[in-house]
Amino acid sequence: MTPAACVGDHVDAVASPALVIDLDAMERNLHRMADFARQHRMRLRPHAKMHKSAAIARRQVEAGAVGVCVQKLGEAEALAAGGIGDIYISNEVIAPDKLARLAQLAQRVRLAVAVDSSLGVDRLAQALRVAGSRADVFVEVDVGQGRCGVAPAAAGALAQQVIAHGLPFAGLQAYHGRAQHLRTAAEREAAIRHAVALARAAQAAVTAAGVACPLVTGAGTGSFALEAASGVYGELQCGSYLFMDRDYADNEPTPNAPRFEHALFVKAQVISRGHAHAVIDAGHKSHAIDSGLPRVWQRELDYANGGDEHGILRGAALPALGDTVWLVPGHCDPTVNLHDDYVAVRGGLERGTVEAVWRIDARGCVR
Ligand SMILES: Cc1ncc(COP(=O)(O)O)c(C=O)c1O
């Protein structure tokens, strides 16, 4: 497909609908999180499942990140092909054919993966042995989400099994996804206090099993200041801070945590106009709606879902036919997965110019 813009274009020339990054805002977010991690002596390994782009991952590493996380093997392969050399799959991989791919990838980059079952450890060890490669292994602990992960008391035995296979035990994966989106700071604080207690119990179980636990890794944009203050976590995995979607902006801020700006937008255009509504060319093929509808940026307009290709705007100051409207997506990760490219604009959404067009390398890499 023809890209929405070329480098050097004025922002007005970007074809709609397009996924646009406000580069100045993104870079402020990037440095704010990198500074936070540095000041708190935490390792930062941002989640690249959010942006799926080697160009952006490279910028995060240049700003001090130790590498990136992904959730899918296919995402790891795509970012490795884009030159990213240190990748952690913070998720379980259980199919033998995928483990064979993982073992191949581990010959080209520094790779880590999470496990939460004895079968998973055995299969991983077997695949790495056959390929003659090496990957770091994190044991995932369920710290309250009820998704992947073993109970804290079971972490020691699994860590022992990792070591018994001659694999490097890298530490514990302890991420609480649901806590990120609890609206009040007090609710998130309570959820993470519980998660920290479970992570500490898992650490104790590993130590009691005679295995050293080098690291506890986890945290997201809604809670990272709490994990950083815990004294248990050594690495932060936040992803969304870089773009800040509408859903995260609706959270009550965590006291003493840095704030982030919206940096990801869908550029849309009014294609039809009634006397009490305007219709834009961006529906839910342009932005994900699993976390709610987008917000119209800097205009007193309500966005209503008009279907796959349309959004319906209502409000006092309706835009005219042909006008541009900027949307802040409800949820950045699945929104990014709908697009082929980012249009990266320098100098703001009104007067800026296109500095780069970046391929979304891991778009659709769900396997
Ligand atoms: C395992 C893991 N770590 C970290 C994150 C980063 O979260 P966020 O993008 O909300 O900062 C996610 C996101 O879903 C995740 O699944």
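## Where the two domains meet

In this predicted model, 20 residues of domain 1 are in contact with 19 residues of domain 2. On the domain 1 side, helix 10 (332–336), strand 16 and strand 17 each supply at least two of the touching residues. Strand 16 gives the largest share, with four residues. Sorted by class, this side of domain 1 has 11 nonpolar, five polar and four charged residues.

Domain 1 is made of two stretches of the protein chain, 11–19 and 260–359, while domain 2 covers 23–245. Between the C-alpha centres of domain 1 and domain 2 the distance is 32 Å.

## Strands 16 and 17

Strand 16 (residues 341–346) pairs with strand 17 (residues 353–359) in the antiparallel sense, over six bridges. Within this pair, Tyr-342 stands opposite Trp-358 of strand 17.

The two strands form a hairpin, and six residues lie between them. In the turn, Gly-347 has a positive phi of about 100°.

## Asp-247

Asp-247 belongs to helix 9 (residues 246–249). Is Asp-247 buried or exposed? Asp-247 counts as buried because it has 21 C-beta neighbours inside 10 Å, and the cut-off for a buried residue is 20 or more.

Leaving aside residues up to four places away in sequence, Asp-247 touches His-181, Ser-291, Gly-292, Gly-330 and His-331. Asp-247 and Arg-295 are 48 residues apart in sequence, and their C-alpha atoms are 9.6 Å apart in space.

How values were computed
Residues numbered from 1 in each chain as written. Predicted model: local features only at pLDDT ≥ 70, side-chain atom pairs only at ≥ 80, totals over all residues. Pairing = 2+ DSSP bridges. Domains from an automatic or database assignment. Contact = placed C-beta atoms within 7 Å. Nonpolar A, V, L, I, M, F, W, Y, C, P; charged D, E, K, R; others polar. Buried ≥ 20, exposed ≤ 12 C-beta atoms within 10 Å, placed from the backbone.
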